[in-house]
Amino acid sequence: MADNAAEAALKYLRDPAIAAGLGAMAVASMYYLTSRPTPQPCPVDPEKQSYELPDGDYARMNSLTTELVEKLFEDVSTTHEAFLHGKRLSGDKPCLGYRSSPGGPYVWLTYNEVYERSADAGSGLIEIGSQAVDDEHVFVGVYAPNKIEWVLVEQACNMYSMTIVPLYDTLGPESCVYIINQAKMVTVVCDESKIKVLLEQCDKCPKLKNIVKIGSAVTDEEKEAGEKVGVKITSFKELEEIGKNHRHEEKPPKPDDLAVVCYTSGTTGNPKGAMITHKNAIAMLSGLVDIIEKCGIIVSSEDVHISYLPLAHMYERLAQLMLFTYGGKVGFYGGNARNILEDLQALKPTIFVSVPRVLNRVYDRVMKQVSSGTVKSFLFNLAMRFKKAELERNIVRKDSIWDYLVFNKIQNSLGGRVRFLITGSAPLRDDVMIFLRCALGCQVLEGYGQTETTAAATLQMIGDQTYGHVGPPLPCTKIKLVDVPDMEYYAKDGKGEICFYGPNVFKGYLYDEEKTKEAIDEDGWLHSGDVGEWQPNGTLKLIDRKKHIFKLSQGEYIAPEKVETVYTQCSMVHQVYVHGDSKKSCLVAVVVPEKDPVEKWAEKNGVDGAMDSFCTNEKVNKAILDQMIAEGKKEQLKSFEQVKAISLTPEIFTVENGLLTPTLKFKRPALKKHFLQTFEDLYTTIPE
């Protein structure tokens, strides 16, 4: 018997995967004993990351501070002064970089060069007639992807007290026209790839007089098209020459002046222009830097950031503002999302600001490679186990033996130098968060906020290895939860609509007092529409959406009632409830079929049975889904608004079964709870 046991043990040890694993464990143990990594503790008690204020309305602040943080430096009160601060630190050092050619090296403009070119561009904008439209504001539109000229226009506007207004493709041509007209824009700086689209809309924009073309020289055809609608087209190069020859004296902004009007697409109606002041932007920056510095992350002129998230959104703008303030480097990706890994390896960023959509792809790619071999899978899981154990002791590093054996390749795919990563815009799955913290060997922090909070309002803290929440309030923000009786959420229970207060809260919506009053109450609290829950450790968890509007994982907003209204026009649909998960990229639905049309279809197509069996029949399911998709296309639903899978149920939603209100509206929380397992099952049928 002993011989058999010994032989079995030897056979077990001869397995290549087991032998490799045991060898790796031995090496790792020896390395660990000699390297003795140092834990990075939370700067506050991790069980009390925020505290309740004694004013009786359940508002909370970050435990790092007793006063809202508004400024980092006494001499930095505007985004213009922030750039000047960076210029003093890094005058002749690199500021903005771009690929000289596809796959070519990065070419850099220094801080001094960016400053001079911005002054030229700003003076040029004034010379060609960019002027105040309401005795106060000069709005300059920018319709372009991330590139050098985008930042030059932004800095030019900051330098001369103009206000930049980003335009972007997902708004659609009609919304761009609305924005140009509402802001009474005289000038739009437009990338050459967007010129044709913009010119086609110019006849609907009576105030627009100038288009500045980024890229090649203006063609005769473009000049002629502009002249037909009373618009003069100037190249960006010509604009800079005009400014160089007619340099205007700087007109620096004040803290309460508008820095940007950032239009949010929303889900219905026209977009809303969120007015962000210089004070808002500096407060947001100050709150972010305050928390990460107290967590031991020091931003400096040695830091490098890759710009690939849209500059039209405040999230990317905040990241760049942080780098500019400290004299760091910002390099633009090459413009092709498929080649971003090449850009990362060429640029080697130290700070990586991302979104779940990108990080999920990294995770999925790695897991696919890992699952391709037994040894790979064994070593990867072993390495994850060891790194998770270190995370629990607040040890975050990239110099363990597991980094060299397993994770080094993953780290190098992002350039190999990332010190910390911030993710936002949608929730990150727990498994992806754990993977990133282990595999990248750097701090990975998730935040939450809105355009109206100048990007962020909360951020996870170092030393907290729990998941599923978005951290405590930033030091520049107070957060309170208010009752939502219709959904049975009450502030006394630590649940309710999330509301923000602080110097980072926006000024309001441009020329829209009604929408502003809907968003900001009389006491200055911004109502988010999101429902949150305070966790025992003082962090915030997102649990629902007050107005039934939610985001998918890639950031698109969904109004489910709008989609349901379209689908209920289908002859075979009696009722439909559309469901989305902010950690998923698509919609699913539960459908109650319309009895007569389904029975007629079944008879015509040779499907026997009654309604109960029809609801489990794949052919019937496909027929109804196909009809819904066709109706969605007919009604011009966007691709992300179309459901990707449905489940059929013979159970009609009624007041009696608790799925409808007395006014026959959907009780959405009840429907979500009732069909929760159905939705989970549907998502497993959809390929990632």
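This is a guided tour of a predicted model, arranged as a series of selections to make in the viewer.

**The whole chain**

Begin with the entire chain displayed as a cartoon. The chain contains 23 helices and 27 strands. Its radius of gyration is 28 Å, close to the 26 Å that the globule rule gives for 688 residues, so the chain is as compact as a globular protein of that length. Along the principal axes, the C-alpha atoms fill a box of roughly 95 × 75 × 60 Å.

Next, switch to a surface representation. The accessible surface of the chain amounts to about 31000 Å², and carbon and sulfur atoms account for 51% of that surface. Of the 688 residues, 54% count as buried. If a contact map is available, consult it here: among contacts between residues at least 6 apart in sequence, 66% join residues at least 24 apart.

**Helix 3 against helix 4**

Select residues 79-90, which form helix 3, together with residues 111-127, which form helix 4. The axes of these two helices come within 9 Å and cross at roughly 140°. Helix 3 and helix 4 are therefore oblique to each other. To see the contact itself, show the side chains of His80, Phe83, Leu84, Gly86, Lys87 and Ser90 on helix 3, and those of Tyr111, Asn112, Val114 and Tyr115 on helix 4. Coloured by residue class, the contact of helix 3 with helix 4 divides into five nonpolar, four polar and one charged residue.

**Thr110, in strand 4**

Now select Thr110, which belongs to strand 4 (residues 106-110). Thr110 counts as buried, at 15% relative accessibility. Which residues is Thr110 in contact with, leaving aside its neighbours within four places in sequence? They are Gly91, Asp92, Lys93, Pro94 and Cys95.

**Helix 4 against helix 9**

Keep helix 4 in view and add helix 9, residues 236-245. The axes of helix 4 and helix 9 are 7 Å apart, and the helices pack at an angle of about 90°. They are therefore roughly perpendicular to each other. On helix 4, the contact is made by Arg117, Asp120, Ala121, Ser123, Gly124, Leu125 and Glu127. On helix 9, the residues to display are Phe236, Leu239, Glu240, Ile242, Gly243 and Lys244. The contact of helix 4 with helix 9 comprises five nonpolar, three polar and five charged residues.

**Asp290, in helix 10**

Move to residues 278-294, helix 10, and pick out Asp290. Is Asp290 buried or exposed? Asp290 is buried, with a relative accessible area of 14%. Not counting residues up to four places away in sequence, Asp290 touches Val69 and Pro475.

**Two residues with positive phi**

Select Thr454 in the loop between strand 16 (443-448) and strand 17 (458-459). Phi of Thr454 is near 60°, a positive value in a residue other than glycine. Thr454 is buried, with a relative accessible area of 2%.

Then go to Gln636, in the loop between helix 21 (618-634) and strand 27 (643-648). Phi of Gln636 is also positive, near 65°, and this residue too is not a glycine. Gln636 is exposed, with a relative accessible area of 69%, whereas Thr454 is buried.

**Gly632 and Gln569**

From Gln636, step back along the chain to Gly632, which lies in helix 21. Gly632 is buried, with a relative accessible area of 0%. Beyond its neighbours within four places in sequence, Gly632 is in contact with Val566, Tyr567, Leu637 and Gln642.

Add Gln569, in the loop between helix 18 (560-567) and strand 25 (573-580). Gln569 is partly exposed, with a relative accessible area of 45%. Its contacts, once neighbours within four places in sequence are set aside, are Glu631 and Glu635.

Finish with two distances from Gly632. Gln569 and Gly632 are 63 residues apart along the chain, and their C-alpha atoms are separated by 9.6 Å. Leu391 and Gly632 are 241 residues apart along the chain, and their C-alpha atoms are separated by 47 Å.

Note on methods
Residues numbered from 1 in each chain as written. Predicted model: local features only at pLDDT ≥ 70, side-chain atom pairs only at ≥ 80, totals over all residues. Heavy atoms only, no water. Axes fitted to C-alpha atoms, helices over the stretch in contact; angles between N-to-C directions. Helix = DSSP H or I, 4+ residues; strand = E, 2+ residues; numbered from the N terminus. Parallel < 35°, antiparallel > 145°, perpendicular 65-115°, else oblique. Contact = heavy atoms within 4.5 Å. Nonpolar A, V, L, I, M, F, W, Y, C, P; charged D, E, K, R; others polar. Rg over C-alpha atoms; globule rule 2.2 N^0.38 Å. Buried < 20%, exposed > 50% of the residue type's maximum accessible area, 1.4 Å probe, protein only. Areas by Shrake-Rupley, 256 points an atom, 1.4 Å probe, with all protein chains shown as cover.
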